[in-house]
Amino acid sequence: MPTLVHLSDLHFGPHHHAHLDEIVLRDIATLNPDAVIVSGDLTMRARHREFAQARDFLARISKPILTIPGNHDQPILTPRDWVERLTRQYARYRRYIHPAIDTTLETSGLFILGLNDNHPILPGGFWTRTQRAWLDAQLARAPRDAVKVIVTHHQLVWNGWRPAGFWDAERTLEWLAARGVALVLNGHTHIADAVQTAQGIIVARAGTATSGRTRRHDGNAYNLITLDTHNIYVQVRRYDASANAFIAGKTLVFTRHTPR
Ligand SMILES: [Fe+2]
Ligand SMILES: [Fe+2]
């Protein structure tokens, strides 16, 4: 059964809990997933040293990794940063994390596509027309029986919760469902959850694995996702301070969407 460890919002920099890095790395070695997904916000303020720490963390994972940038991975602090943000938005991400922004990963019957969804000025997530064309082309070449998975930073199910989610999420979910996408992975809110939408797509959101900026007393968490022929299981693993470990919490079970 294919398994994924889904991390998000690592936020190296202020409020980062370095001791959780070690536990997460140990867990990955123990859980032995087919791949590790990191759905954006690797840094807090897109500083060079924060990216260097994120790079060093990822280098210690001996599994296939797919990452995308989050809104915090764009420079913002100084006027010079702003010029860089408007002209070379992901120069630091490309230098430290991955040379490509939108990427694919094929493993164990999964066809996974990671898409950046940040706007340099406006909050919330969106994909450009060029990205949608790229997504179309990629999905068209996916093996017929592969499970199609999309990774993007802003939440596609958000019910008006702040911070802002993916723009025009409902239409985007329709668009993805028409292309046979079964699973969407998000981060950004720092609140773990998973639901199956009216379109049949399972949208799973990971909390923040290692940042102290937790929300609604949710604490630190990451998701362990397992797929079999009929179902997708999303296990939320929450950090328990007394055990100093991530403990298996609720496991949500969904019936897999049948591609149209
Ligand atoms: Fe975040
Ligand atoms: Fe974010």
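Against which helices do the buried residues of H2 pack? In this predicted model, the partners turn out to be H1 and helix H4 (91-96). The buried set in H2 is made up of Glu50, Phe51, Gln53, Ala54 and Phe57. Looking down the axis of H2, these buried residues stay within an arc of 160°, so they line one face of the helix. Turn to the other side of H2 and the picture flips: His48, Arg49, Asp56 and Ala59 are exposed there. The length of helix H2 (residues 48-59) checks out too, because twelve residues at 1.5 Å a residue should span 16 Å, and the end C-alpha atoms are indeed 16 Å apart.

Helix H1 (residues 18-31), one of the partners of H2, also has a sheet to deal with. H1 lies across strand S1 (3-7), strand S2 (35-39), S10, S11 and S12, and runs at about 170° to S1.

Now for the sheet. Six strands form an open sheet with mixed pairing, in the order S3-S2-S1-S10-S11-S12. Strand S3 (65-68) and strand S12 (245-255) sit at the edges with a single partner strand each, so one side of each has no neighbour in the sheet. From one strand to the next, the twist averages 20°. As a bit of background, strands of a sheet pair through backbone hydrogen bonds, and they can do this in a parallel or an antiparallel way. Strand S10 (residues 221-227) and strand S11 (residues 231-240) go for the antiparallel option, joined by seven bridges. Within S11, tyrosine 233 is the residue that stands opposite threonine 226.

What about the greasy inside? The largest nonpolar core has 66 residues, and those touching the most other members are Leu7, Ile37, Val149, Val151, Leu183, Val184 and Ile202. Take valine 184 as an example: with its neighbours within four places in sequence left aside, valine 184 is in contact with Ile150, Leu156, Leu176, Ile201 and Val203.

Finally, two loop residues have backbone angles worth a look. Aspartate 41 is not a glycine, yet its phi is positive, at about 55°. This aspartate is found in the loop between S2 and H2. Aspartate 41 counts as buried because 26 other C-beta atoms lie within 10 Å, and 20 or more are enough for that label. Serine 108 also has a positive phi without being a glycine, here about 45°. Serine 108 belongs to the loop between strand S4 (103-107) and strand S5 (110-114). With 15 other C-beta atoms within 10 Å, serine 108 is partly exposed.

Terms used
Residues numbered from 1 in each chain as written. Chains lettered and ligands numbered in written order. Predicted model: local features only at pLDDT ≥ 70, side-chain atom pairs only at ≥ 80, totals over all residues. Core = buried A, V, L, I, M, F, W, Y, C linked by C-beta atoms within 7 Å. Buried ≥ 20, exposed ≤ 12 C-beta atoms within 10 Å, placed from the backbone. Contact = placed C-beta atoms within 7 Å. Pairing = 2+ DSSP bridges. Helix = DSSP H or I, 4+ residues; strand = E, 2+ residues; numbered from the N terminus. Axes fitted to C-alpha atoms, helices over the stretch in contact; angles between N-to-C directions. Expected span 1.5 Å × (residues − 1). Arc of directions from axis to C-beta.
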